[in-house]
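Hi everyone, thanks for coming. I'll walk you through one structure today, so have a look at it first and then we'll talk.

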Amino acid sequence: MKNNLKVLLIEDDMIEIMKLNRVISSLGLKHNIVEAHNGEEALKILEKKYELPHIILLDLNMPKINGLEFLSILKKDEKLRHIPAIILTTSNNQKDLLECYKLGIAGYVLKPLKYEDYVTKIENLLAYWSINELIEIK
């Protein structure tokens, strides 16, 4: 694996946050995960434009600013729109899926119920993005 990714995880469910961190540590990955508990918090983190994440993992159903609202703000921002946003959700609603792709997401991953399946999906997702050439803004 080439890169240690800087990942912005936008998720309001603490169990989901702990689950992702557990997967990363159990796989021995050295990715740097920054957590935001809603879209509003994530935008505050992204205002520090000198330390942008390589990728964003985004839940759709959140308080304050939901995933779709966050995406439309992100994709309108000249300095942030290039950051790949990957939806990590339980919603297999086709309307959500279409809306997200229209807004320019890089992927849409359904959270499986079984932990083993979740580990496999997260491992593959992070492996894929860690071999990509990503924009480094300093």
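**Charges, then the sheet**

Let's begin with the charged side chains: E11, E16, K19, D59 and K111 are linked in a network of salt bridges. Before I go on, please keep in mind that this is a predicted model.

If salt bridges are new to you, the basic idea is that side chains of opposite charge can pair when their charged atoms come close. How many salt bridges does a search of the whole structure find? It turns up 6.

One of them brings together the side chains of K111 and E11, at 2.8 Å from N to O. These two come from distant parts of the chain, 100 residues apart: K111 is in the loop between strand 5 and helix 5, while E11 is in the loop between strand 1 and helix 1. Are K111 and E11 buried or exposed? Both are buried.

Now take E40 and K64, whose side chains also meet in a salt bridge, this time at 3.7 Å from N to O. That pair links distant parts of the chain too, with E40 in helix 2 and K64 in the loop between strand 3 and helix 3, 24 residues apart. K64 counts as exposed because its relative accessible area is 61%, and E40 is partly exposed, at 32%.

There's also R81 with E78, where the closest N and O atoms are 3.1 Å apart. E78 is exposed, with a relative accessible area of 61%, and R81 is partly exposed, at 38%.

Okay, on to the strands. Which order do they take in the sheet? The sheet is open, has 5 strands with parallel pairing, and reads 2-1-3-4-5. At the edges sit strand 2 (32–36) and strand 5 (107–110), and each of those pairs on one side only. On average, neighbouring strands are turned by 20° against each other, ignoring direction.

Let's zoom in on strand 1, residues 6–10. It runs parallel to strand 2, joined by 5 bridges, and parallel to strand 3, joined by 4 bridges. You can find K6 opposite N32 in strand 2, L8 opposite V34 in strand 2, and L9 opposite L57 in strand 3. Strand 1 is mostly covered, with 4 of its 5 residues buried.

Last, the helices. Helix 1 (residues 14–26) joins strand 1 and strand 2 in a right-handed β-α-β unit. Helix 2 (residues 39–47) lies across strands 1, 2 and 3, at about 130° to strand 2. Helix 3 (residues 67–76) lies across strands 1, 3 and 4, at about 155° to strand 3.

Note on methods:
Residues are numbered from 1 along each chain as its sequence is written. This is a predicted model: local features need pLDDT of at least 70, side-chain atom pairs count only at pLDDT 80 or more; totals for chains, interfaces and linings use all residues. Side-chain values use heavy atoms; hydrogens and water are left out. Two strands pair if DSSP finds at least two bridges between them. Axes are lines fitted to C-alpha atoms, for helices over the stretch in contact, and angles run from 0 to 180 degrees between N-to-C directions. Contact means heavy atoms within 4.5 Å. Buried means under 20% relative accessible area, exposed over 50%, partly exposed in between (1.4 Å probe, protein chains only). A crossover is right-handed if, with the strands pointing away from the viewer, the path from the first strand over the helix to the second runs clockwise. A salt bridge is a side-chain nitrogen of Lys or Arg within 4 Å of a carboxyl oxygen of Asp or Glu.
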